Amino acid sequence: MESRIVYMDNNATTMMAPEVVSAMAKAEAQVYGNASSMHTFGRKAAALVEDARGKVAKLLDCNAEEITFTSGASEANNTVFMIAADLIKKGRGSRIVTTTIEHPSIMETVKYLRSLGIHVDQAPVDQEGRVRLDSLKQLLGPDVVLVSVMTGNNETGTIQEIEQISKMAHACGALMHTDATQAIGKIPVSCKKWDLDYLSCSGHKFYGPKGVGVLYAKKGSPFVPFVHGGEQEHGRRAGTYNTTAIYGLGIAAELAEKNIKDEHDRLWEMREHLRKGIIENVPNVVVNGCQEHCLPGTLDVSFPTAEGESILLLLDMYGIAVSTGSACATGSLEPSYVLLAGGLDVELAHGSIRFSLGRYNTMEDVDYVIKVLPPIIKRLRDLSTR
Ligand code: PMP
């Protein structure tokens, strides 16, 4: 069999777009001033930051002054929950409502806030991983300060009804946040149309650099900095600007905004080809998450009696990179809490494999996976004692 290198772990991180790499290399070589300095060197660096702010605002359909650059989506998510905690401390309500399937940067923040005595409720999801609007409604009330629901899930790709949820949050006087990290560049995301108060995202999930992200905060919405100690970002986020990375994020945003329709359709076509190819060539597979409302490049599949980690390692021997459960949970052999929240059996949650396709995958990559995977599953099942 021909051998290939196939990277299908784009939900963990993406390769930087060549356009981003070359723009960053040029900026890195030419611009080294501190973007907060008033002299020419500083102003040149500040111009790169502002260029990126405009491009990101266009992608997110908001105003440039509503964008704050952070170290990533984890920091943006933490910031939003700390703003909510601050509001609760000031007596502006007493509860936060989120879900059981958020990214660990929210799940762990919830645990931390609870340890401080803050009340957080988590709305359940149905078997497809969708937040049930009726159960969410039951959790809402005038004491809720913040509703936070992710746009698309990093493991299953399941998309939530953010526009509708935002209306429900506002109807009870709460602020609305969405973690759109996995959705950016794949489906249209609009802060205005969805009437969001806050949104988080991250450069490295849409072919930009790692270690840089975005927090959108609607003009006039409450804000307290999470990182204190400097006047950068109008006092919203201290720390010397990572000018080159921010600039690269802007270039990635511009590319994402330009190609979103083509990118969506191409990813979906490859994803569907992969899904059908697996179902046709491997007996007894379970496709996880919602197949109708789904991020176009994500396919999460369980192979009963074959273990996820063994599948991952054997695929890796053939040059194919995928992940089991969430990459963020790597190191723990716990089954995926996202799949368990949707009611999936523990054994199946243990054996899940996430294929996440991206801009640089081709149909040939998909065909290669469809060829390599069936004998691997057969081999593992023959060895299985279960
Ligand atoms: N939210 C979601 C949905 C994610 O998938 C990730 C990355 N795994 C994050 C937040 C965290 O992003 P970052 O790596 O920029 O902190």
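Student: Which helix gives the largest share of the shell around the ligand?
Tutor: Happy to start there, and keep in mind that this is a predicted model. The shell around the ligand holds three nonpolar, ten polar and two charged residues. Three residues of that shell come from one helix, spanning residues 73-89, and this is the largest share. That helix is α3.

Student: Which residues come nearest to the ligand?
Tutor: There are 15 residues around the ligand to choose from. Asp179 belongs to the nearest group, and an N or O atom in the Asp179 side chain is 2.6 Å from a ligand nitrogen. Lys205 belongs there too, with an N or O atom of its side chain 2.8 Å from a nitrogen atom of the ligand. The full list of those that come nearest is Ser74, Asp179, Gln182, Ser202 and Lys205.

Student: Which side chain has an N or O atom 2.9 Å from an oxygen atom of the ligand?
Tutor: Let's sort the partners by ligand atom. For Asp179, the ligand atom is a nitrogen, and for Lys205 it is a nitrogen as well. The side chain paired with a ligand oxygen, at 2.9 Å, is that of His204.

Student: What percentage of the ligand's accessible area does the protein cover?
Tutor: Side chains such as Asp179 and His204 have polar atoms close by, at the distances we just went through. On its own, the ligand has 400 Å² of accessible area. The share of this area that the protein covers is 88%.

Student: Which element supplies the largest share of the largest nonpolar core?
Tutor: This core has 64 residues, and Leu60, Ile67, Phe69, Val147, Leu199 and Phe206 have the most contacts inside it. Several elements each supply at least two of its residues, including α1 (18-30), α2 (40-60), β5 (144-148) and α8 (243-281). The largest share is nine residues, and the element that supplies them is α8.

Student: How many residues does the other core have?
Tutor: This second core lies apart from the one that α8 supplies with nine residues. Leu267, Ile278, Val369 and Ile370 are among its members. Its count of residues is 29.

Student: Is Glu233, which Phe69 touches, buried or exposed?
Tutor: Phe69 touches a set of residues further off in sequence, among them Val49, Val56, Val214, Glu233 and Leu249. Glu233 is found in helix α7, residues 232-235, and has a positive phi of about 50° although it is not a glycine. Its relative accessibility is 4%, below the 20% cut-off, so Glu233 counts as buried.

Student: Thr305 has a positive phi as well; where is Thr305 placed?
Tutor: Thr305 is not a glycine, yet its phi is about 70°. Thr305 is partly exposed, because its relative accessible area of 31% falls between 20% and 50%. Its place is in the loop between β10 (298-302) and α9 (308-317).

Student: What is the relative accessibility of Phe81?
Tutor: Phe81 is found in helix α3. Leaving aside neighbours within four places in sequence, Phe81 is in contact with Ile96, Thr98, Ile106, Thr109, Val110, Leu113, Leu146, Ser148 and His177. Phe81 counts as buried, with a relative accessibility of 0%.

Student: Which side chain makes a polar contact with that of Asp121?
Tutor: Asp121 is found in strand β4, residues 119-123. Its relative accessibility is 17%, which is under 20%, so Asp121 counts as buried. Asp121 touches Arg95 and Arg114, among others further off in sequence. The polar contact, at 3.3 Å, joins the side chain of Asp121 to that of His119.

Student: Why does Ser166 count as buried?
Tutor: Ser166 has its place in helix α6. Beyond its neighbours within four places in sequence, Ser166 is in contact with Met176, Trp194, Asp195 and Leu196. Buried means under 20% relative accessible area, so Ser166 qualifies with a value of 1%.

Student: What distance separates the C-alpha atoms of Arg275 and Thr298?
Tutor: Arg275 lies in helix α8, where a polar contact of 2.7 Å joins its side chain to that of Glu272. Arg275 also touches Val287, Gln291 and Leu299. Thr298 is 23 residues away along the chain, and the C-alpha separation is 10.0 Å.

Technical notes
Residues numbered from 1 in each chain as written. Predicted model: local features only at pLDDT ≥ 70, side-chain atom pairs only at ≥ 80, totals over all residues. Heavy atoms only, no water. Near = heavy atom within 4 Å. Polar contact = N/O pair within 3.5 Å; in protein donor to acceptor, adjacent residues only side chain to side chain. Areas by Shrake-Rupley, 256 points an atom, 1.4 Å probe, with all protein chains shown as cover. Helix = DSSP H or I, 4+ residues; strand = E, 2+ residues; numbered from the N terminus. Nonpolar A, V, L, I, M, F, W, Y, C, P; charged D, E, K, R; others polar. Core = buried A, V, L, I, M, F, W, Y, C linked by side-chain atoms within 4.5 Å. Buried < 20%, exposed > 50% of the residue type's maximum accessible area, 1.4 Å probe, protein only. Contact = heavy atoms within 4.5 Å.
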